[in-house]
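Please read this report on charge pairing and domain contact alongside the sequence and the coordinates. It moves from individual ion pairs to the boundary between domains.

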Amino acid sequence: MFEFSIAKLPRIEFGSGAINRLPGIIASYGNRVLLVTGAHSYQHLPGWPKFVDTLARRAIRYTQFKIGGEPSPAQIDEAVKEFAGQDIDVVVGIGGGSALDAAKAIAGLLNLQRSVMDFLEGVGPELPYEGPAVPLIAVPTTAGTGSEATKNAVLSVQGERGFKKSFRHEKLVAEYAIVDPELLSNCPSDVVAANGMDALTQLLESYVSLKSNAFTDALALSGLQAVRDALIPLYQSVREVGAQVDELTAINREKMAYAALLSGITLAQVGLGSVHGLASPLGAFYPIPHGVVCGTLIASATEINIRCMQSREPDNKAMAKYAYAAEILCHQQFHDESVAHTALIQLLTNWTEELDLPSLSIYGVDSETLDQVVANSRGSSMKTNPIVLQDPEIKQILLSRL
């Protein structure tokens, strides 16, 4: 438990108003910046005009590249080709996980001018990446992926022969992560729900990961407490009154931004589990948002993990960890491990329903295609699941949410 190695992390600037530090941080790298944003992210917030004006007053020239939806290798290659000759001093990713992942990949390739396909895991030649990368600043506007704290850029090609793979290297880690909860004010309730369940899933899966340790456990438990207290109230307030801000809503946004950041840190250090193993092929073959996959599957995946450990590995340390996670999330003490497990599964099921997360069938998944999903689920995330699941067990996770 107390022997661990912690990989590189960004310098973290966290708190309401942290975005105001961004122009000064950009200026410390130079006067030519590439802004990689979502199609509907920070530029639609009230602070955008002030930010652009501050850049102008500092004589900082910016170019903007927008990413709509999950980035593809073709989009990354297009951006690298367009901006490679423009002497970019720093790349700033502002948006959800897709924008931040795109920014990582672009920053990693501007100096090389090679296709990202050369470095993607599981496809292409998988050449060793040696850099150098252009400095990166990550500014999340959603609370879910934790991409601001990770070293991997997830890229997708969707369709029957699609894939969802990572360009992954420590040189891609952002130098700064600027996490400002005020930037969550544009998130509609469905985004709050999906991203919040993504953060929850990452925290729970990293907590029971085969590689978990005392350092990451402390962060995961702190993040789970924040999700417990903030996710449902934030979802309800956004659904009822939209972007209107009161003190409680601001506090809940802060807690969810904190939880998402911690989930990124823990997943980057110790890996994830079966939900994220399934998220890759589901996201590749179907137009399912990543957070929806997580929120839809976490209850059934937890149930299957516990059931399999009960029958094959009753002494697995994850059994006790699931029980303690139940005490954290349910906010009560259990004197029987099996009762705690039942309560955890029920809570996760209730949250899935309360957050109105859709079933997989809404996106075209049916029982006839599940074998293909299962066959493509054994990537890096599945390798740190607390127990090795057999194909029928993985398939059962999916069947329960059709």
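What follows describes the salt bridges first and the domain interface second.

**Salt bridges**

The structure is a predicted model, and within it the count of salt bridges comes to 13. Three of these pairs are set out below, each with the separation of its closest N and O atoms and with the relative accessible area of both partners.

| Salt bridge | Closest N and O atoms | Relative accessible area, acidic residue | Relative accessible area, basic residue |
|---|---|---|---|
| Glu70 and Lys164 | 3.2 Å | Glu70, 29% | Lys164, 11% |
| Glu121 and Arg168 | 2.7 Å | Glu121, 28% | Arg168, 29% |
| Asp371 and Lys395 | 3.2 Å | Asp371, 49% | Lys395, 25% |

Which parts of the chain does the bridge between Glu70 and Lys164 tie together? Glu70 sits in the loop between β3 (61-67) and α3 (73-83), while Lys164 belongs to strand β7 (residues 163-168), so the bridge joins parts that are 94 residues apart in sequence. The two partners also fall into separate burial classes: Lys164 is buried, because its relative accessible area of 11% lies under the 20% cut-off, whereas Glu70, at 29%, is partly exposed.

Strand β7 also carries Arg168, the partner of Glu121, and the latter is found in the loop between α4 (97-109) and β5 (136-140), so that this pair links distant parts of the chain, 47 residues apart. The closest N and O atoms of Glu121 and Arg168 are 2.7 Å apart. Glu121 counts as partly exposed at 28% relative accessibility, and Arg168 is likewise partly exposed at 29%.

The third pair connects two helices: Lys395 lies in α13 (residues 391-399) and Asp371 in α12 (residues 370-375), so the salt bridge ties together parts that are 24 residues apart in sequence. Lys395 is partly exposed, with a relative accessible area of 25%, and Asp371 is partly exposed as well, with a value of 49%. Beyond these pairs, Arg11, Glu13 and Arg21 are joined into one network by salt bridges that share partners.

**The domain interface**

The protein is divided into domain 1 (11-184) and domain 2 (189-400), and the C-alpha centres of the two domains lie 26 Å apart. To their contact, domain 1 contributes 23 residues and domain 2 contributes 28 residues. Together the domains bury about 1900 Å² between them, with 60% of this area on carbon and sulfur atoms. Ala143, Gln158 and Lys164 supply 25% of the area that domain 1 buries against domain 2, which is more than any other three residues provide. Lys164 therefore appears in two settings, as a salt-bridge partner of Glu70 in a link that ties together parts of the chain and as one of these three contributors to the buried area.

How many salt bridges does the rule find across the interface of domain 1 and domain 2? The number is 0, although 5 residue pairs, both members at pLDDT 80 or more, are in polar contact between the domains. On the side of domain 1 that touches domain 2, β1 (11-14) and β7 each supply at least two residues, and the largest share, 3 residues, comes from β7. By residue class, that side of domain 1 divides into 9 nonpolar, 9 polar and 5 charged residues.

Notes. Residues numbered from 1 in each chain as written. Predicted model: local features only at pLDDT ≥ 70, side-chain atom pairs only at ≥ 80, totals over all residues. Heavy atoms only, no water. Salt bridge = Lys/Arg side-chain N within 4 Å of Asp/Glu carboxyl O. Helix = DSSP H or I, 4+ residues; strand = E, 2+ residues; numbered from the N terminus. Buried < 20%, exposed > 50% of the residue type's maximum accessible area, 1.4 Å probe, protein only. Domains from an automatic or database assignment. Contact = heavy atoms within 4.5 Å. Buried area = accessible area lost by both parts, 1.4 Å probe. Polar contact = N/O pair within 3.5 Å; in protein donor to acceptor, adjacent residues only side chain to side chain. Nonpolar A, V, L, I, M, F, W, Y, C, P; charged D, E, K, R; others polar.
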